[in-house]
Amino acid sequence: MTLRIDISGLPSERVRFAASPLAELTAMLHVLAEPGHHPQYAGWAADVWAGLRPELAERLREAEFLWRSSQADFLIPARPRPTLAEELDDVDRIDDEKYVTAALVTTCGSNRVHFPGASPLTDTTARERALDVAQARGALQEAFAERLLADPAAVRARVRHTFEECAEAFFDGAWAGVAVRLATDLRLKNELLRRQGIGAALASVSGAVALAPDGDRIIVDKVQDKATAARGAGVTFIPSVFGRPHLVAVHAPGWHPVVQYPVAEPGPAEPVSLETVTLRLEALAHPVRLRLLRTLARGPHTTGELANFWDLSAPEVSRHLAVLRRAGLITARRHGRYVRYTLNLPDLTALGADLLAAVLR
């Protein structure tokens with residue numbers, strides 16, 4: 001089963017990769033609500049709970065169905081902002097009907113559209129359905145849903161205040177470290193998007209995300225079998241450290257498509273040997289090979305193209321390319337009678353940010 005996002009006719013710049021403080025806070029709240037999903041953060045979650053004021057801990061429990069089993073759509077922004085405060089301001093601009101409906105359909109993730117064509121704020125049947133669902137989740141959730149339906153403005157203000165207190169209690173400290181990892185991931189994704197296209201960028205997101213062969217759809221492997229369209233607003237991909245291993249997708253009618261994906265664990269799955277590191281550094285020490293890498297950073301090239309670009313002989317370029325291939329810094333793929341060489345950006349990134357900047361600029 002898949003989520004299909006129609007991007008036909010969408011300009012490439014409307015596929016965006018950006019970090020979101022609110023989405024990452026939501027991922028942290030999910031970890032606090034479901035630490036069993038994230039054993040790597042069990043210690044962090046225990047420390048946070050131990051340090052929370054009782055009043056804040058209670059408010060997190062009363063509203064946790066906004067992020068426990070799935071995330072309310074307004075918590076995963078389509079247009080991320082630099083700060084949590086700015087993103088909370090954007091949430092404040094959502095009308096009550098859209099906010100309340102998004103909050104109340106976030107239940108167990110089985111069928112997110114519980115109120116087709118009706119608002120629980122104005123329709124009695126939809127309201128009763130919302131309260132039935134909330135009741136099944138527990139007394140705290142039922143009370144929260146009742147308050148939300150009776151006085152949306154007061155509950156919205158209370159939820160925002162809860163987020164602001166979370167920022168002071170634990171988010172700001174965690175975000176300082178997380179932001180560095182997100183920035184590194186975003187640089188890689190945006191370089192792939194710019195230099196190799198949407199398909200390469202999506203392939204680096206997750207094995208569960210791919211571009212359809214016709215190039216008109218993004219396919220996301222999810223439990224639900226759904227379809228949505230990016231249209232003019234585009235589609236947003238948000239990296240997450242605390243969200244690992246979940247892949248979260250916003251696709252409900254009226255919301256821009258957003259995919260929050262887990263950032264890969266830092267470092268390679270297996271340690272790179274000193275021999276490999278030495279081989280790569282020696283390959284990069286030659287000025288001609290560094291020039292060839294800078295050219296390949298712009299896109300795949302053949303031996304002949306590289307030779308013409310740098311006024312070198314084809315055999316000389318071939319020798320340098322062989323050294324770069326042995327070091328794992330480039331890959332080769334045959335297209336008919338041509339062999340095109342491509343920069344291995346992830347392994348180059350692992351060697352250091354300064355080197356990557358020198359090659360890419």
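This section describes the nonpolar cores, a sheet, a helix pair and one exposed residue of a predicted model.

The largest nonpolar core comprises 61 residues. Within this core, the most contacts are made by Trp44, Leu66, Phe74, Phe170 and Phe242. The greatest contribution to the core comes from helix H8, which spans residues 152–196 and supplies eleven residues. Another core, of 44 residues, lies apart from the largest one and includes Val205, Val235, Leu306 and Tyr341. The surroundings of Phe242 can be listed in detail. With residues up to four places away in sequence left out of the count, Phe242 touches Glu24, Ala27, Met28, Val31, His38, Tyr41, Trp44, Ala174 and Val178. Trp44, one of these partners, is itself among the core residues with the most contacts.

An open sheet is formed by four strands in the order E3-E4-E1-E5, with mixed pairing. Its edges are occupied by strand E3 (209–211) and strand E5 (226–229), each of which pairs on one side only. On average, and with direction ignored, neighbouring strands of this sheet are turned by 20 degrees against each other. Strand E1 (residues 2–6) and strand E4 (residues 217–221) run antiparallel and are joined by five bridges. Asp6 is placed opposite Arg217 of E4. The sheet is also met by a helix: H9, covering residues 198–205, lies across E3 and E4 and runs at about 165 degrees to E3.

Helix H9 is packed against H8 as well. In general, two packed helices are described by the angle between their axes and the distance between the axes. For H8 and H9, the axes come within 6 Å and cross at roughly 155 degrees. Because angles over 145 degrees count as roughly antiparallel, H8 and H9 are roughly antiparallel to each other. On the H8 side, the contact is made by Lys189, Leu192, Leu193 and Gln196; on the H9 side, Ile198, Ala200, Ala201, Ser204 and Val205 take part. By class, the residues of this contact comprise six nonpolar, two polar and one charged. Val205, a contact residue of H9, also belongs to the core of 44 residues.

A further residue to be described is Arg334, located in strand E10 (residues 330–335). Arg334 has a relative accessibility of 56% and therefore counts as exposed, the threshold for exposure being over 50%. Along the chain, Arg334 and Thr302 are 32 residues apart, while a distance of 9.7 Å separates their C-alpha atoms.

Note on methods
Residues numbered from 1 in each chain as written. Predicted model: local features only at pLDDT ≥ 70, side-chain atom pairs only at ≥ 80, totals over all residues. Heavy atoms only, no water. Core = buried A, V, L, I, M, F, W, Y, C linked by side-chain atoms within 4.5 Å. Buried < 20%, exposed > 50% of the residue type's maximum accessible area, 1.4 Å probe, protein only. Helix = DSSP H or I, 4+ residues; strand = E, 2+ residues; numbered from the N terminus. Contact = heavy atoms within 4.5 Å. Pairing = 2+ DSSP bridges. Axes fitted to C-alpha atoms, helices over the stretch in contact; angles between N-to-C directions. Parallel < 35°, antiparallel > 145°, perpendicular 65-115°, else oblique. Nonpolar A, V, L, I, M, F, W, Y, C, P; charged D, E, K, R; others polar.
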